[in-house]
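Got the viewer open? Let's take a walk, one selection at a time.

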Amino acid sequence: MSVTVAPVTGAGLVDVIPALARLRIAVFRDFPYLYDGDADYEADYLADFAAAEGAVIVVARDGTEIVGAATAAPLGTQDTAWQAPLATAGFDVARTFYFGESVLFDAWRGQGIGHAFFDHREAQARTHGASHAAFCSVIRAADHPARPVDHRPLNDFWRRRGYGPLDGVTTWFDWKTVGGGEERHELQYWTRRL
Ligand SMILES: CC(C)(COP(=O)(O)OP(=O)(O)OC[C@H]1O[C@@H](n2cnc3c(N)ncnc32)[C@H](O)[C@@H]1OP(=O)(O)O)[C@@H](O)C(=O)NCCC(=O)NCCS
């Protein structure tokens with residue numbers, strides 16, 4: 001496999017953000033996210049992310065081409081809307097790392113890159129003194145009309161990585177959906193002790 005997976009931090013983040021934006025727009029267009037991506041929104045959101053102290057983008061490259069990426073940052077650097085449900089649930093915001101997205105082009109899936117994304121993000125979290133990691137997944141109805149017949153949820157993978165859903169701990173986030181308008185989506189928090 002000619003793919004390399006490596007963390008990028010600090011001043012290097014801005015160089016990989018355009019590729020991350022392209023990945024987010026392409027990969028999140030599919031079920032379950034169905035995100036009708038907007039380049040201007042991506043630029044703003046990712047610039048804020050890159051400015052966060054302790055942020056990491058784990059980058060998968062095939063040769064020089066960026067084919068996947070995953071993000072993480074201290075929860076305390078993220079918008080308070082992301083922090084509040086975890087703080088209410090009793091998590092110490094200062095000792096929790098938030099994992100943003102993992103996005104990998106389809107042709108490179110199933111080779112262990114998703115595991116490497118978790119390994120590097122968990123290492124970054126531990127380096128920054130975090131005791132817990134958290135991320136969100138979108139909640140979709142099992143009979144959602146856009147669900148492909150061969151869709152494989154990642155829940156079992158996440159459980160094998162030691163994560164579990166926090167019962168009743170969710171948040172809401174609006175985005176424009178493919179073929180629809182701006183819609184409110186409920187997101188489930190998953191966490192694990194590091
Ligand atoms: C999440 C993602 C990055 C994982 O990438 P990956 O490199 O294929 O993952 P790995 O090869 O490390 O495999 C991870 C697990 O996924 C499972 N898996 C492999 N291929 C799969 C596929 N085509 N579909 C669903 N799950 C698959 C495997 O069972 C594996 O678990 P195991 O090793 O414990 O058996 C990739 O699936 C992706 O980009 N998905 C779309 C975006 C998304 O939903 N991201 C997560 C939320 S932000």
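How do the residues of the shell around the ligand divide into nonpolar, polar and charged? The split is six nonpolar, six polar and four charged, where Ala, Val, Leu, Ile, Met, Phe, Trp, Tyr, Cys and Pro count as nonpolar, Asp, Glu, Lys and Arg as charged, and the others, Gly among them, as polar. Before you click further, note that this is a predicted model, with local features needing pLDDT of at least 70, side-chain atom pairs counting only at pLDDT 80 or more, and totals for chains, interfaces and linings using all residues. Numbering starts from 1 along each chain as its sequence is written.

**Stop one: the ligand.** Select Arg109, Gly110, Ile113, Gly114 and Arg152, which come nearest of the 16 residues around the ligand (a residue is near if its C-beta atom, placed from the backbone, lies within 6 Å). Now colour β4 (96–104), α4 (113–127) and α5 (155–160): each supplies at least two residues of the shell. β4 gives the largest share, four residues. Helices here are DSSP runs (H or I, at least four residues), as are strands (E, at least two), numbered from the N terminus.

**Stop two: the sheet.** Show the seven strands, an open, mixed sheet in the order β1-β2-β3-β4-β5-β7-β6; two strands pair if DSSP finds at least two bridges between them. β1 (3–9) and β6 (164–176) are at the edges with a single partner strand each, so one side of each has no neighbour in the sheet.

**Stop three: β3 beside β4.** Pick β3 (residues 65–74): six bridges join it to β4, and the two run antiparallel. Alanine 69 has valine 103 in β4 as its bridge partner.
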